[in-house]
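Student: I am new to this structure and would like to know what stands behind the terms people use for it. Could you take me through them?

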Amino acid sequence: MKLKASLTTAMTWFLVLLFFFPVFWMFLNAFKSEQDAATIPPKFVFTPTLEGFQLAWDRGMATYMANSLMASIGATLLILLLAVPGAYALSIRPIKKTQDTLFFFISTRFLPVAAVILPLYMIFKSLGVLDNIIALGFVYAAINLPIAIWMMRSFFLEVPKELVEAAQLDGAGLFKELTQVVLPLVLPGIAAAGLIVFIFSWNEYFLATLLTTSDAKTTPPFLASFVDGRGLFLGAISAAASLASLPVIIAGWVAQKQLVRGLAMGAVK
Amino acid sequence: MLKRNRLAAISASVAVSALVLAGCSSSDDTATDAATTDAAAETTEEAATGEDVTITVATVNNGNMKDMESLAPIYEAENPGVSINFQVMEEGDLRSAVTADVASGAGQYDVVTIGAYEVPQWGANGWLTDLTPALAEGDYDVEDILPPVREALSVNGQQYAVPFYGESSILMYNKEVMDAAGITISNNPTWDEVATAAKAVNTDDMAGICLRGKPGWGDLFAPLTTVVQTFGGAWYDMDWNAQVNSPEFIEAVTFYKDLLDEAGQPDPVSYSFNECLTALQNGKVAMWYDASVAASMLEADGSPVQGKMGYAHAPVKETAESGWLWSWNLAVPVSTKNQDAAINFVKWATSKDYQQLVGTELGWSLVPPGARISTYSIPEYQEAAAAYAPITLDVMSSVNPVQPGVNPQPWVGIQYVAIPEFQDVGNQVAQLVADAIAGRGTVEEALNKGQEIAQVAGDAQK
Amino acid sequence: MAQDQAVGVIKPPSMDKIEKRQAWKRRSILLPALIFAILMTQIPFLVTIGYSTFKWNLLKPDDFGFVGFDNYITVFTAGDLWPSIIATVLITTLAVVLSLLIGLFFAILLDRSFRGQALARTLLITPFLIMPAAASLIWKYSMFDTNIGVINWFVTSLGLPPIEWSTDYPLATVVIVLVWQFTPFMMLILLAGLQSQSKEVLEAASVDGAGAWRTFQWITLPHMRMYIEISVLLGTIILLQVFDPIAIMTKGTGGTKTLSYLLYERAFIGLNVGEAAAYGVIAVVLTIVVATLALRTMFKVFLDGGGK
């Protein structure tokens, strides 16, 4: 029995590391000079350098990361504020309107960004909010709200009716019902949804490139600016991308801690 | 159901008002362009009297631009109250962002980096400030700018941008490999000569020649257009009839494809400048036809092939020269609110003094190439760039952007057609040709489809 | 309503009214989200529809005017639409199915407690966290490249010729990168689903002597149905819009020109506002048709979902 468990663990780790390899290679490249990053055969052993990170830092990466944080955290908080009650409302006894509303939400995601980006540019321009990080955050919230609602709703649907009814019989108001009874049970789902929404906002590229200039510029267009048509750039962009992924990795670590069995439904009786 | 209908009615009225709003804002801009320039002039007068000014420069991640960024503090020290804000973008994004900004009059950028392809079109559109009077002032010496480059940046005698980087195309070959095979490449080789040489040195481990294959008007079609033109073909004739499936065009593309098949690098569709550079430096290819700036990288300290390379003019067939012409240039959009300060910076960054500054502060091999003739007379530069400066000057002075091919053409430009549709047309045809290179369809099929696409754009010019 | 009556409960009229009001109150907390969504999405959409009726190319400012349905006619007759629909369906289906299967596999592997499980899970999520453009660049240069790529280094050291990814296998190139990036997305949702299984039911099953496979088949899988549906639905919606691998590695050659890349070319390179808007509207209509069909026939999570 123990052997089987150890073998499974070993296989799991092997597959995880294999899957992780390209990311590991990116982290490795971040410490290479441009010449080292483009050698034949690929170098596993080399003299590490911080020149890529230095370049990214000198180019103002801190400011761009700060902008990204503002837009992404802002969007995520706004989404949580709107989607938690919204998804809950859509998870109680369904009526035809529930289906229509759910479909409406997901349909807002059907319009490709490339089609709406120039109209959005014109709207932003006439409102005078080009290069405005708050406006960008609002747009990110709007884009990712449907995903959060659909995801969270499916977790709300899991909550046993009896628990809710018991709380209601105990005299709990809607707010208490939601925050003290239901929410603790669906925390893994909320964490997963929040993380996904944060990641999409953090990595969003198109809108950030066209709707910002300098004050509101976020990390993705900054990363793209390392692409050089006449010169190697793999080391520099690996360094910048590695730095850019740190906040999301931290967010991922925090979120995955919520995905722990033990918050099982049947635990409360 | 009723609620939905009500929602629809509200939406419809919002739509109408939104349309009106949107329509108004855009047409207002074109109508009040004149007013904006007057207003801009007023504000720049204020700026000149001492208010702090920030010049926002939209630019590409180009080596010379990176140097300019590092030297900007010197300019800021000499011009108190002015600060330069560099916004670096990827080339494709830069084009879209700057076009959207300039076309809609948003005025977020004071100085823009645009290519030789855009300058004449945007100048003709009235989007760029005419720099001719400003450049004639002082000791700027605008005549020092390489004549072909200047030619490509002017419309009706008015110059709309100044170059800070210029390039043409050359043939580069590993002399050691060639000598070992007993092959000599002349200074003005023909394509047949090059093909023979490439096939002779081609082995499993090292391809004979590296040629771009990445689909794109600026990737694959930069070298391919020069091949087409030296084979006697062209994109359009004088009456704007597309010539994409003419016998010469087909012959040229077939030649290019066959050369790749027989002596070219593997996975050509993924190769552009950087990939060929890496391959050549690592001994995976013996020859390379690409931008002249590559020579300075191959001869840089730390390059594995430093001192081993030979350089020649771009290979020809029926023309005397076939090198392309590209420059990255600084221009000032008319929508800027800081016109005087912007022009001042542009002049500084492309002046003779600036060249000296780069040489003394950063190193003589880093002086921007391909912009000014006098660069090539600076003794320190001649010494530092001895391996590649002469061929660059030679090639850049001998190309003719007015008629690069066998026949006259109704636009100025070598490896591109200076019409707005060309980005799209070039990309589409490049994708078709790339599929043919990959063996999915014949060259004729690809070019026949390309002919239709190009003809639509050609008709729009008539 | 039907459920109450089925149980045979007869309610006094005032109770019914109170219940209705309570239900309405609980549903009304949806309003902020709904209003926000309508304002922020429908206005741009209507402007987009409006623009689609205009001839408007940013690069040709003088050539501007109302043209009604001309843009739509161009879209349907240009010959690019149908191949892009096929490419989209092909790439999206492959990417969704493969990342779902691999994601499920990983979710099961990680659904147990073992040494370093938190680290393993975080490592597995990272591909999804990397910016899509950066991920595509890493794969293009560090994995797929014929000279400096790790895969071809491995292949050539076995004596084989290098694999010409972008030229010979453009579809596989794009799908591999997409699957790599989206497997963690699927895994996250599926893992949350696996974690939410009732411990007691699982314990009861093992006490009853059900083996791992039977437990999986009869208890886990039905429970997971909704999570699988959610992952497929959301994954599809998002994958429909990706274009980074195509833009960076194949540029639409070899049958990889999806609708989103085609749109990107029209909007960003052609800068043709009118035509791009028309493409967008058509994309929305097509997606609504497909989504309606799919949701109303297959997706349990949309059809009944709950019943509180």
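Tutor: Here we go through shape, domains, interfaces and salt bridges, setting each value against its definition.

Tutor: This is a predicted model, in which local features need pLDDT of at least 70 and side-chain atom pairs count only at pLDDT 80 or more, while totals for chains, interfaces and linings use all residues. Residues are numbered from 1 along each chain as its sequence is written, chains are lettered from A and ligands numbered from 1 in the order in which they are written, and side-chain values use heavy atoms, with hydrogens and water left out.

Student: Why is chain C called more spread out than a compact globule?

Tutor: Start with its make-up: chain C has 16 helices and two strands. These are DSSP runs numbered from the N terminus, H or I over at least four residues for helices and E over at least two for strands. The radius of gyration is taken over C-alpha atoms, and the globule rule is 2.2 Å times the number of residues to the power 0.38. For 308 residues the rule gives 19 Å, and chain C comes to 25 Å, well over that, so chain C is more spread out than a compact globule. The box filled by its C-alpha atoms is roughly 70 × 60 × 30 Å along the principal axes.

Student: What makes residues 2-51 of chain C a domain?

Tutor: The assignment does: domain bounds come from an automatic or database domain assignment. For chain C it gives domain 1 (2-51) and domain 2 (79-307). Taken over C-alpha atoms, the centres of these two domains of chain C are 33 Å apart.

Student: How do you know that domain 1 and domain 2 of chain C are in contact?

Tutor: Contact means heavy atoms within 4.5 Å. By that test, five residues of domain 1 of chain C are in contact with six residues of domain 2 of chain C. The buried area (accessible area, 1.4 Å probe, that two parts lose on being put together, summed over both) is about 390 Å² between these domains, and carbon and sulfur atoms give 83% of it. On the domain 1 side, helix α3 (residues 31-52) of chain C gives the most, with four residues. That side of domain 1 of chain C has three nonpolar, two polar and no charged residues.

Student: What makes a residue nonpolar, charged or polar?

Tutor: Ala, Val, Leu, Ile, Met, Phe, Trp, Tyr, Cys and Pro count as nonpolar, Asp, Glu, Lys and Arg as charged, and the others, Gly among them, as polar. Under this scheme, the side of chain C that touches chain A divides into 75 nonpolar, 22 polar and twelve charged residues.

Student: What does the interface of chain C and chain A look like in numbers?

Tutor: Chain C brings 109 residues to the contact and chain A brings 108. The buried area is about 10,100 Å², with 77% from carbon and sulfur atoms. Ten residue pairs are in polar contact across this interface, meaning a pair of N or O atoms within 3.5 Å, where within protein one must be able to donate a hydrogen and the other to accept it, and residues adjacent in sequence count only if both atoms are side-chain atoms. The largest share of the side of chain C that touches chain A, 14 residues, comes from α3(C).

Student: Why is the pair C:Lys140 and B:Glu275 called a salt bridge?

Tutor: A salt bridge is a side-chain nitrogen of Lys or Arg within 4 Å of a carboxyl oxygen of Asp or Glu. The side chains of C:Lys140 and B:Glu275 meet at 3.2 Å, N to O, so the pair fits the rule. Between chain B and chain C the count is three salt bridges, whereas between chain C and chain A it is zero. The chain B and chain C interface also has 19 residue pairs in polar contact.

Student: What makes B:Glu91 and B:Arg95 a pair of this kind?

Tutor: Their side chains also meet in a salt bridge, at 3.2 Å from N to O. The two residues are four apart in helix α4 of chain B, which means that about one helical turn separates B:Glu91 and B:Arg95. Over all chains, the rule counts 22 salt bridges.
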